[in-house]
Amino acid sequence: MFCKCKPELLLPHVSTLHPYLKLPNHSSVESSIIKNVAHILEQVIPIRVSDAAFLKMIEEDLVSLIFTKPLPVVQSCIQSLCCIVSRVTQNDHIIENLLIRFTDYLSSKKKQVDNIKTNSTTLGSVVRSLVSTGMLC
């Protein structure tokens, strides 16, 4: 609630929150923590965080989470990353590279659509790519 009412209150604590993006995600509680931290960073970083090294770490961690965590976390991370890139760092190439990776993957799987139904790993990757592509556009 602090973040919604007055995100400036969390500015001194951004570096304290960052390690929570790296939780192992073995439970729904950990997923919820990661999602909430991504949302807080989305609200707080554009206010006045300008440490380039810290911002780069946040961007890298969010990109990593997009490829490794469940869809609800992926959605929060994409939203946070897009906000940080568009309002703070202007590192548009990060979003472009993600979009290219996801669309290239989808293109490589389009001939195998019938076989995807039987392979849950591939199906999960296709769904991740579709959701991510939609959110990045």
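**Figure 1. Buried residues of helix α4 in the predicted model.** The structure shown is a predicted model. In helix α4, the buried residues are Phe54, Leu55, Ile58, Glu59, Asp61, Leu62, Val63, Leu65 and Ile66. Glu59 and Asp61, which count as negative side chains, are among these buried residues. An α-helix has 3.6 residues a turn, so residues three or four places apart point the same way. The cover over the buried residues of α4 includes α2 (14–17), α3 (28–48), α5 (71–89), α6 (92–109) and α8 (120–136).

**Figure 2. Helix α4 from end to end.** Helix α4 runs over residues 52–68, which makes 17 residues. At 1.5 Å a residue, a helix of this many residues should span 24 Å. The C-alpha atoms at its two ends are 24 Å apart, so the expected span and the model agree.

**Figure 3. Leu55 and its contacts.** Leu55 is found in helix α4. Is Leu55 buried or exposed? Its relative accessibility is 6%, and buried means under 20%, so Leu55 counts as buried. When neighbours within four places in sequence are left aside, Leu55 is in contact with Ile45, Val49, Ser50, Val88 and Thr89. Ile84 is 29 residues from Leu55 along the chain, yet the C-alpha atoms of the two are separated by 8.4 Å.

**Figure 4. Met57, a partly exposed residue of helix α4.** Met57 also lies in helix α4. Its relative accessible area is 39%; this value falls between the 20% limit for buried and the 50% limit for exposed, so Met57 is partly exposed. Asn36 is 21 residues from Met57 along the chain, and their C-alpha atoms are separated by 18 Å.

**Figure 5. The whole protein chain, for orientation.** How many helices and strands does the protein chain have? The chain has eight helices and zero strands, and its pattern along the sequence is α-α-α-α-α-α-α-α. The C-alpha atoms fill a box of roughly 50 × 30 × 25 Å along the principal axes. A compact globule of 137 residues would have a radius of gyration near 14 Å; the chain has 16 Å, which agrees. Of the 137 residues, 41% count as buried. Among contacts with a separation of 6 or more, 66% come from residues 24 or more positions apart.

**Figure 6. Surface and charged side chains of the protein chain.** The accessible surface comes to about 8000 Å², and 56% of it belongs to carbon and sulfur atoms. There are 14 positive and 11 negative side chains, and the centres of the two sets lie 6 Å apart.

Notes: Residues are numbered from 1 along each chain as its sequence is written. This is a predicted model: local features need pLDDT of at least 70, side-chain atom pairs count only at pLDDT 80 or more; totals for chains, interfaces and linings use all residues. Side-chain values use heavy atoms; hydrogens and water are left out. Helices (H or I, at least four residues) and strands (E, at least two) are DSSP runs, numbered from the N terminus. The radius of gyration is taken over C-alpha atoms; the globule rule is 2.2 Å times the number of residues to the power 0.38. Buried means under 20% relative accessible area, exposed over 50%, partly exposed in between (1.4 Å probe, protein chains only). Contact means heavy atoms within 4.5 Å. Accessible areas come from the Shrake-Rupley method with a 1.4 Å probe; for residues, only the protein chains shown count as cover. The place of a charge is taken as NZ of Lys, CZ of Arg, CG of Asp or CD of Glu. The expected span of a helix is 1.5 Å times one less than its number of residues.
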